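Here is a short guided tour for someone meeting this structure for the first time. Please keep the sequence and the 3D view at hand while you read.

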Amino acid sequence: MRSAVIETLTSARLRQSYSRIRHRSGLTVCVLPKRSAVTCGVIGVNFGANDRTFCLPGGEVMTLPAGTAHFLEHKMFAARDGEEDAIARFARIGANADAYTTPDLTAYQFSTTDAAYPALEILLDFLFHPYFTEENVEKERAIIAQEIRMYDDTPVQAGYYGLMEAMYHTHPIRDNVGGTEASIRQITPELLYTCHKAFYRPDNMTLCVAGRVEADGVLSVLDRCLPERGEHPAPERIFVPEPVYPAVQSVQYQADAAIPLLYLGFKDPILPADSAARMRRAAAADILNDILFCRSSPIYADLYTRGLINGRFGAEYEYADTYGYALISAESAQCDAVDAQIRQYLADRRALHDITDAQFSRCRRVMYASAVTAFESAEDMAAECLDCEMEGTDMFTPVDVMMQITKEDLFYVLDTLYLPKQLCRCVVT
Amino acid sequence: MGFTEHTLCPGASLYVIPKDTFLTDYLSVTFTLPLDASTASAYALLPSVLCRGCEAYPTQDALAVRLDTLYNAGLAGRCGKSGEAQLVVFRLHCLEQDAVPPEDENEGPLFSSLIETFCDVLFHPRTERGVFLSSYTEGEKKNLAEAIRAQSNNKAVLAMHRLEQIMFADEVFSVPARGTLESAAAVTPEALWQAYTDMLRHAPVSVTYVGRQMPEQVRAALSGFVSALGRYRSAEDTFRSPQTQVIRRARQPVREVCEHMDVRQSRLCIGYRSAAVLADRDFYKFALFCELLGGSASSLLFLEVRERMGLCYDCSAFPDGQKGTMFITCGISADRLEAAREAIRAQIDVIRHGKVPPEVLEAARKSLISAYREIEDSAAALGAWYENRRAAGIETSPEQTVEQVLGVTARDLARCADALTEDTVYFLCGTGTDMDLEEDEDDAFCCD
């Protein structure tokens, strides 16, 4: 019996292709060969900071302290006393390893110039062999506390999380990915083992490898290293329904910012259940943000020329299946004036629907160029591929969707997202 | 040697690094200027004032529209410091021609169009009364002042900046790359214009291209740049790069400065004189020393100070090959200053006494080799590699350096440790202590 089903995905538009492997263990694997010096592998676990409440296969409902996924990420590199930990194992073969936790996933990555398959083998080994003790968890608590403090001292972090707390009533995205010094005191080895067993399973993971690799070589490592498919499905996440309007309209924080920071968040009231529809809305929001707020937009030029903003100004749209928001950020000594002008600007755009064909086609060029350059480095390719695959799509579909977006799609986002009642503001001084 | 050199005009050379693995064309144009407190802010302002608008694209948004139309081409200027030289650098990149969709191919070569736009920006700025627009100058002065102030937002950056100010107080190197709030405020449109014309007339210019195009194609694309720059220069002019003062041993006693701030995490920064500069034939030995001490997650500082002792989240060491220095920086609790200093000293001693476990040394070697090989994957990194080395008078490629690193012994590294002298210790003392983690309400114990 074959251990995997392999399909080749191709984009005529971008002149790129890659292989997607559905391994018998349940793991989805993407192999992106590239003539680069470095090979990068990144595995995403569908367990992020937002996954705080879930139902285990036996029916038990668990609620985790904030920062558990991030704590688990730190501790996964640990080894039994006297054995090499994962970092040392990677280092011995000349590979670098790193990891990060986002609201939606935990990712582990390696890069190497001459040991791609051995590095992949180490990655797939340590992720399925955790070792948590009272002592090593205690030590990690001190290190993570230092990390939390470092971010606490950063005004940008204070602004982002201040906005999230104000925008969301109960959704865990309002909490810091790393948790707090108080919340991480509740984390125990047992809790980490429970989370590992529940989520660190091949059918709840996606692996992307880009660089000097081939599908057959990767498959051979998978066959050797991966555990069998689990008997039970991954836990079901439980989210309390989140009201569509922000919890608080406006907040202010003092964080010793050299120049005040303004964050305007628009909480998206439309969260399509279907991933294709989510992608279409996100593509429209990205194009709209680019047209409305990028360096060639009228408001950027006006605010900059009048000295109300510096170069640190931008807009983005972030989303997953349970949340979506647009975020406009600026550094300004006159946050109230910038805020007022952005509100008026958006009101005018909603009233006039005056996006021009020239703006629209220029933005498409920018997006197309970004799609091409996503293939410039193995590291970018692996990271971009992971994002797409974990969202349930591939690397090429978003470009095709983006090319199909019409001005009507943009106006729909403008009229349903950029509304005063969806707006929440955070100022950091 | 991984590049070919071509003279463009007096004081300006083109270096072509052929690479067929990138999807973009990359070009950097570097003007090398003396680092001087009286001109630092003016040179720092030049790239941003030039990018505000030119005759062809009078406003910032007009220029942005132009770059968007060129498939999101990049044209950015910045100011930096390399040893005791101030660099004004413009970086350009665009999709390589084959990546342009067929329906737009008749619009002409992207790379040449981007260089034309760059020439518009560099040589045809908007002026009034023969100097830069007052409104653009004042606007960018305000942004420069904000950027200088903004470094206090990142406490790690702030602490390193304070260390440099203290350690190099009597050296030209203490001049910040962007100048100070006072020097930024003092720049007038006339002074800025003077700096601009001085730069075009006297600064050595290094143009580096990375991509698929042949040298003659790149030269052809640069013909407008060469003729415009050539108008400011003559064959009789001399173009000299500034020399950097290198102090190979620290003065005694070690300077120790502690400053208090209302922040949660404290920052410890230590500056050393390393006795090793890039121009030395064996700098690669010191590069490996730094990698072993604190260059990666498998370094001694990370393994000992973070992983074994749990003293910090970050602890790293990095060299400055132009100035002959090394810095260590880490984020710790306020009450762990002495413990951290002792742990750092102990790790340097481990290298000095040749006691590094062989597997840790080999891991550092492999990590450094990997980092050198990865340079081949980034046009900007590859260009910067050769620029830095040319400035130091050497031309070794990343792969040649890999060969050198393979031959470094534990004894070589022990000599590097012996030559290292501690110069200045700076401690940004915050409020968070390890006792907080145990829910203790005692007041923070802090350094003197």
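## Two domains of chain A

Across the interface of domain 1 and domain 2 of chain A, the rule finds 2 salt bridges, a salt bridge being a side-chain nitrogen of Lys or Arg within 4 Å of a carboxyl oxygen of Asp or Glu. Arg13(A) makes a salt bridge with Asp400(A), and their closest N and O atoms are 3.3 Å apart. The elements that give two or more residues to the domain 1 side of this interface are strands E1 (4-11), E2 (16-23), E3 (28-33), E4 (39-45) and E9 (205-211), together with helix H5 (155-167), of chain A. H5(A) provides the largest share of that side, 11 residues. Helices (H or I, at least four residues) and strands (E, at least two) are DSSP runs, numbered from the N terminus.

A word on the basis of all this: the model is predicted, local features need pLDDT of at least 70, side-chain atom pairs count only at pLDDT 80 or more, and totals for chains, interfaces and linings use all residues. Residues are numbered from 1 along each chain as its sequence is written, chains are lettered from A and ligands numbered from 1 in the order in which they are written, and side-chain values use heavy atoms, with hydrogens and water left out.

Where do the domains of chain A begin and end? Domain 1 covers 4-237 and domain 2 covers 250-428, with bounds that come from an automatic or database domain assignment. Their centres, taken over C-alpha atoms, are separated by 28 Å. In contact (heavy atoms within 4.5 Å) are 47 residues of domain 1 and 43 residues of domain 2 of chain A.

## Two interfaces side by side

The size of an interface is often given as the accessible area lost when the parts come together. Here, buried area is the accessible area (1.4 Å probe) that two parts lose on being put together, summed over both. Polar contacts are pairs of N or O atoms within 3.5 Å; within protein, one must be able to donate a hydrogen and the other to accept it, and residues adjacent in sequence count only if both atoms are side-chain atoms.

| Interface | Buried area | Share from carbon and sulfur atoms | Residue pairs in polar contact (both at pLDDT 80 or more) |
|---|---|---|---|
| Domain 1 and domain 2 of chain A | about 3,500 Å² | 73% | 12 pairs |
| Chain B and chain A | about 5,300 Å² | 50% | 27 pairs |

Between the chains, the contact takes 65 residues from chain B and 62 residues from chain A. The rule finds 5 salt bridges across the interface of chain B and chain A. Arg295(A) forms a salt bridge with Asp68(B), where the closest N and O atoms are 3.1 Å apart.

## Some local details

Is Gln347(B) buried or exposed? Gln347(B) counts as buried because its relative accessibility is 7%; buried means under 20% relative accessible area, exposed over 50%, and partly exposed in between (1.4 Å probe, protein chains only). Gln347(B) is found in helix H12 (residues 337-352) of chain B.

His353(A), in the loop between helix H10 (335-352) and helix H11 (357-373) of chain A, has a positive phi near 45 degrees although it is not a glycine. Ala275(B), also not a glycine, has a positive phi of about 65 degrees. Finally, look for the peptide bond from Gln252(B) to Pro253(B), which is cis, with omega near -5 degrees.
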